[in-house]
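Colleague: Got a minute to go through this one with me? I'd like to start with the aromatics.
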Amino acid sequence: MSEFIEFIENHDYPAVLVGHNIIRFDNRILLGAARNVGMETKLRGSVNSCIDTLVMFRKIYPDRKSNSLNNLVADYLGCDYDAHNAIADAEVLKRLVEQQFSSEQLRQQLAPFGN
């Protein structure tokens, strides 16, 4: 956790975490892990906000049967990947976000971290 927070703090701009289902899942996991090692306050102070790509895909494609990252990657990037591997998830989500959303769309979806 300390390396993660150090990575976030080594930038000159406020940290925005982007994740697929980050609001309902990842935020709780990150905050719980930080709490367990006495770093919750430091994490909250290091992260400005978050963007949940699951929420974005549900808004943009409301008729899709599945907005799972695996299905979105298959449909829009046309590839398979090592799903549920954190690094692989982050890499394909970055590619998917760059392909599907403008910077303005992303800015409009900024949400508070950890609420």
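Colleague: Is tyrosine 61 buried, exposed or partly exposed?
Modeller: Tyrosine 61 is partly exposed, because its relative accessible area is 26%; buried is under 20%, exposed over 50%, partly exposed in between, with a 1.4 Å probe and protein chains only. Bear in mind that this is a predicted model, where local features need pLDDT of at least 70, side-chain atom pairs count only at pLDDT 80 or more, and totals for chains, interfaces and linings use all residues. Residues are numbered from 1 along each chain as its sequence is written, and side-chain values use heavy atoms, leaving out hydrogens and water.

Colleague: How many aromatic pairs are there in the whole structure?
Modeller: Four turn up. Phenylalanine 57 and tyrosine 61 are stacked, because their ring centres are 6.1 Å apart and their planes at 20°. Rings of Phe, Tyr and Trp (its six-membered ring) pair with centres within 6.5 Å; planes under 30 degrees apart are stacked, over 60 edge-to-face, the rest tilted.

Colleague: And which residues form the aromatic cluster?
Modeller: Phe57, Tyr61, Tyr76 and Phe101. Phenylalanine 57 is buried, at 0% relative accessible area.

Colleague: Switching topic: what does glutamine 100 touch, beyond residues up to four places away in sequence?
Modeller: Phe57, Tyr61, Tyr76 and Gln105, with contact meaning heavy atoms within 4.5 Å. Glutamine 100 counts as buried, at 18% relative accessibility.

Colleague: Where does valine 73 lie?
Modeller: In helix H5, residues 69-77; helices are DSSP runs (H or I, at least four residues), numbered from the N terminus. Valine 73 is buried at 0%, and its C-alpha is 7.1 Å from that of valine 92, 19 residues apart along the chain.

Definitions and conventions
Helices (H or I, at least four residues) and strands (E, at least two) are DSSP runs, numbered from the N terminus.
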